[in-house]
Amino acid sequence: MPKLHLSKAKIDAIEPGPKDVIYHDTELTGYALKVTPTGRKVFLIIYRMGGRNTPVQRYVIGKYGDPCTPRGAREQAKVLLGHVANGIDPHELKQERKRAAASPIRTFEEVATRWYNEHLLPNARRPEGLWRALKMYALPQYGEREFASITREEKYQIIAETRRLYTGSAAQRVHVAMTALENWALDRSIIATANGQRMKINIPYTKRDRVLEDSELKAIWDAAEKIWESDHPTAMLFVRTLMLSGQRLCEVGDMRRSEIKNGNLWTIPAARYKTKKDQEVILVPEILELINASPSTNDLVFPAKTKPSVPVASYSKYKKALSKAVGFDDWCFHDFRRTCASWLQDQGVPGHFIDAMQGHVSKDEQGAFRHYGHAKRRKIKMDTLQLWVNHVLGLNTGLDVVYDGMDQNVVELIKLAR
């Protein structure tokens, strides 16, 4: 089948033929354009909800034109393909929305469920977080109540109780989820007015600035093996991969084998990435060794212990077990990422090298670079990550791999940047 970068200029230049022709996009796998003999041009995605033995399916995004522009269709295709990667069939999701729209909804649980299916799933990078906040703290108490009858005072009570029993961060998530839910319901006339329910509250939030000491990194690394070597080895591999990669918790937890191309190029799809853009991570040999050691038999690298088709998600359980083993609990998994960036800074690695490796938008790059700089910087990413990996592994082997053991290419890169 023909391939084409589906830009406006290229699409406008396509002439209809005697039969339907499907043009596959050269950059986004699964995204395509169908051109009929009458000249009708339709954006769609082509996918499978399983392996090679499952049927190929097509989902129509929309007809080319206003409002379905090439840029808008591409962004929607990324979201839909992200659902497919997470095991959600776009056709089933569409039918669920139709069923929800056809039936009247009144209770808090009904409104929240429709909000999750129609808004969070298609648009949020990781919708489970906000949904879990409602499911755990609000639905048990107000699920059967009429949505519009819940007062501002009652909502404050939910937040206050969440903060008292759990943490300020949990209360903040509940506040964000309930405010977003109400705004969505108002926009769709599910409720006529906010009825005084919109909440303005300043929940104190403790800024995380924890940087782990080398001895703490080593203790957590060792504890991972002691706890899960015989019980659940995938969890041990997950924790160590998270520590070495410098990426975010959810990104490593949701890693797919199909996302790793050319041996060591891991592309995190935009639908799962914070910046809403594809992020390339160059996996060094030590990380690939951990990934290849996973006993998983499906596409997920780190599946849950009891549900192999679901990504690993027992983060709090793992953290508690590790904390008990190492004897301290004032840390979290995201501290690995912060410690990685901080240590690299101490070694003199330029900030934009670290930003490239961790997928941040660099503040060091101004002017024309923001508009015209599209370099992949794979060499910089790989060498910077290798430097961090050498350091962590050096803590566990007794080797001095700070400067003497550093890859010579990294040394030269640092000298050049200075």
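## Starting in the big picture's corner: a facing pair

Let's begin with two residues that face each other: A32 stands opposite L44, which sits in strand β4. Before going further, keep in mind that this is a predicted model.

A32 belongs to a story about two strands. Strand β3 covers residues 31-35, and its pairing with β4 is antiparallel, with five bridges between them. Another facing pair here is K34 and V42, the latter in β4. What about the turn that joins these strands? The β3-β4 hairpin has five residues between its strands, and one of them, G39, takes a positive phi near 95°.

## The other side of β4

Strand β4 has a second partner. It pairs with strand β5, residues 56-63, again in the antiparallel sense, this time over seven bridges. V42 turns up again here: it stands opposite K63 in β5. So V42 faces K34 on the β3 side and K63 on the β5 side.

Is β4 enclosed or open to the outside? Strand β4 runs over residues 41-48, and seven of its eight residues are buried, so the rest of the structure largely encloses the strand. Part of the surroundings is helix α2, which lies across β2 (21-25), β3, β4 and β5 and runs at about 15° to β4.

## Two sheets

Now zoom out. Strands β3, β4 and β5 are part of an open sheet of five strands, in the order β1-β2-β3-β4-β5, and the pairing in this sheet is mixed. At its edges stand β1 (3-4) and β5, each with a single partner strand, so each has one side without a neighbour in the sheet. If you're wondering what holds such strands side by side, here is the general idea: strands of a sheet pair through backbone hydrogen bonds, either parallel or antiparallel.

There is also an open sheet of three strands, ordered β6-β7-β8, with antiparallel pairing. Its edge strands are β6 (260-261) and β8 (279-282); each has a single partner, so one side of each is left without a neighbour in the sheet. Strand β7, residues 265-268, pairs with β8 over four bridges in the antiparallel sense. Within that pairing, T267 stands opposite E280 of β8.

## Charged pairs

How many salt bridges does a search of the whole structure find? It finds 13. One of them joins K78 and E75, whose closest N and O atoms are 3.7 Å apart. Both residues lie in helix α2 (residues 70-85), three residues apart, which is about one turn of the helix. E75 has 39% relative accessibility, so it counts as partly exposed.

Another salt bridge brings together the side chains of E225 and R240, at 3.2 Å from N to O. This pair links distant parts of the chain, with E225 in helix α9 (residues 214-228), R240 in helix α10 (residues 233-245), and their positions 15 residues apart. E225 is partly exposed, with a relative accessible area of 33%, whereas R240 is buried, at 10%.

R248 and E251 form a salt bridge too, their closest N and O atoms being 2.9 Å apart. Both partners are buried: R248 has a relative accessible area of 9%, and E251 has 0% relative accessibility. There is also a network in which salt bridges with shared partners join R210, E216 and D330.

## A buried arginine without a salt bridge

Which helix holds R337? It is found in helix α14, residues 334-346. R337 is buried yet has no salt bridge, and the nearest side chain of opposite charge, E251, is 4.9 Å away. A salt bridge needs the nitrogen and the carboxyl oxygen within 4 Å. E251 does have a salt bridge, with R248.

What does R337 have around it, then? A polar atom of its side chain lies 2.8 Å from the backbone oxygen of Q358. Leaving aside neighbours within four places in sequence, R337 is in contact with G246, Q247, R248, Q358 and H360. R248, the salt-bridge partner of E251, is therefore one of the residues that R337 touches.

## The whole chain

To finish, here are the totals. The chain has 18 helices and eight strands. Of its 418 residues, 47% count as buried. Among contacts with a separation of 6 or more, 56% are between residues 24 or more positions apart.

Definitions and conventions. Residues are numbered from 1 along each chain as its sequence is written. This is a predicted model: local features need pLDDT of at least 70, side-chain atom pairs count only at pLDDT 80 or more; totals for chains, interfaces and linings use all residues. Side-chain values use heavy atoms; hydrogens and water are left out. Buried means under 20% relative accessible area, exposed over 50%, partly exposed in between (1.4 Å probe, protein chains only). Two strands pair if DSSP finds at least two bridges between them. Lys and Arg count as positive and Asp and Glu as negative; His and the chain ends are not counted. A polar contact is a pair of N or O atoms within 3.5 Å; within protein, one must be able to donate a hydrogen and the other to accept it, and residues adjacent in sequence count only if both atoms are side-chain atoms. Contact means heavy atoms within 4.5 Å. Axes are lines fitted to C-alpha atoms, for helices over the stretch in contact, and angles run from 0 to 180 degrees between N-to-C directions.
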